[in-house]
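Me: Could you take a close look at the aromatic rings here, and at what sits around them? I'd love one connected walk-through.

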Amino acid sequence: MIHPKESTLTKSIEIIEIENIISLHSRAYYRNIIQERVFCNMSELSSNDVDWVFYRDRPEWEDIEPILQNDGPHPVVKIAYSEKFRDIFNYFRAVLARREISERALKLSEDAASVNSSNYTVWHYRRMLLKELDKDLNEELKYCRQIIEDNPKNYQVWHHRQVLVEWMKDPSKEKEFTEHILADDPKNYHAWQHRQWVIREFNLWDGELKFVNFLLEDDIRNNSAWNQRYFVINSTGRISEEVLLEEVKYTLASIEKAPNNESPWNYLRGILQDKGLTKLPQVTTFVEQLYESGCRSPHLLGFMIDCREEGLLAKTSVEELMKTLDLCLSLAKKHDVIRKEYWKYIGRNLQSLYSSDEILSELEKEDVK
């Protein structure tokens, strides 16, 4: 972080020094990045720090001897903390060392979180203060919401919220809150993780499938929503026959809309893993018809390979093996070239498991070439 109070002249000198070690064709690119960072930091100074009073200058903190950060005598890469950052954490370390329980310590933890919301120790200490001071956890939940809205992919603050909900034993705000976060980023892992925890911990399954349907109608390629669908459907540990048939129908319709979308193919594998990929005729028929229509999605071909291997496990057939190896070759040479080595490996593995020594596949011929 560049010091927000450094002069414009110092900034220019730093730009020149950095440019000296950057190749000529990259200079303009890096110059723009550096200047943007300088501007952002100077803007932050004018908007957020103009009324800031350092802890070292506050009379109510005169009794505290700040503890400076010790990076050792010869730090390899010394971080350019801002003066505000250093001041806050110098006092935070001192208060933490004293295990001070006070309102001023709670406010200090808030300031520490404002400059580094990912510091786990800050949140841990803050929770200790909240308990000891018997603070209103509903107010803390509101504060936590603000921090998450500004830092939606922050592990520490999501964990802080989870602990608050556990203490309060009140999950009533959580589904609405995660929906609010997911509206901005439907694939936010932290929001999904928190939502799953709340649903499982407080048995809030009602309406979840409807929510997932809404997300998939909006974006059928939302892999996070497909994952959540499996989480809900598989919540009892075993999928009933009735639910399975409904889910298969829904998934095949989704694949038909976007056969190159990997998510529903993976979902189909997931819900069929106990029963078997080839046990439902509607699945087999759908796959065959999609292939015959000319579709060559790598996900379709990969699913067909899995289905045929399942058949080979039950009964080895040279003809079926050769068809399966042809699919591997088709993927390796044309339809999924970026993973050609993977498909060549799959082909060799199938051949070693299900064929006699005299069969030489095209995959082996490719390797010889």
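Reply: Tyr81, Phe85, Phe89, Phe92 and Tyr125 come together as one aromatic cluster. Happily, there is plenty more to look at: searching the whole structure turns up 18 aromatic pairs, where rings of Phe, Tyr and Trp (its six-membered ring) pair if their centres lie within 6.5 Å, and planes under 30 degrees apart count as stacked, over 60 as edge-to-face and the rest as tilted. Do keep in mind that this is a predicted model, in which local features need pLDDT of at least 70 and side-chain atom pairs count only at pLDDT 80 or more, while totals for chains, interfaces and linings use all residues. Residues are numbered from 1 along each chain as its sequence is written, and side-chain values use heavy atoms, with hydrogens and water left out.

Take Trp192 and Phe211: their ring centres are 6.2 Å apart and their planes lie at 45°, so this pair is tilted. It links distant parts of the chain, with Trp192 in helix 9 (residues 189-202) and Phe211 in helix 10 (residues 208-218), 19 residues apart; helices are DSSP runs of H or I, at least four residues, numbered from the N terminus. Trp192 and Phe211 are both buried, meaning under 20% relative accessible area (1.4 Å probe, protein chains only).

Next come Trp226 and Tyr267, with centres 5.2 Å apart and planes at 55°, so they too are tilted. Here the distant parts linked are helix 11 (residues 223-233), holding Trp226, and helix 13 (residues 262-272), holding Tyr267, 41 residues apart. Trp226 and Tyr267 are both buried.

Methods:
Helices (H or I, at least four residues) and strands (E, at least two) are DSSP runs, numbered from the N terminus. Buried means under 20% relative accessible area, exposed over 50%, partly exposed in between (1.4 Å probe, protein chains only).
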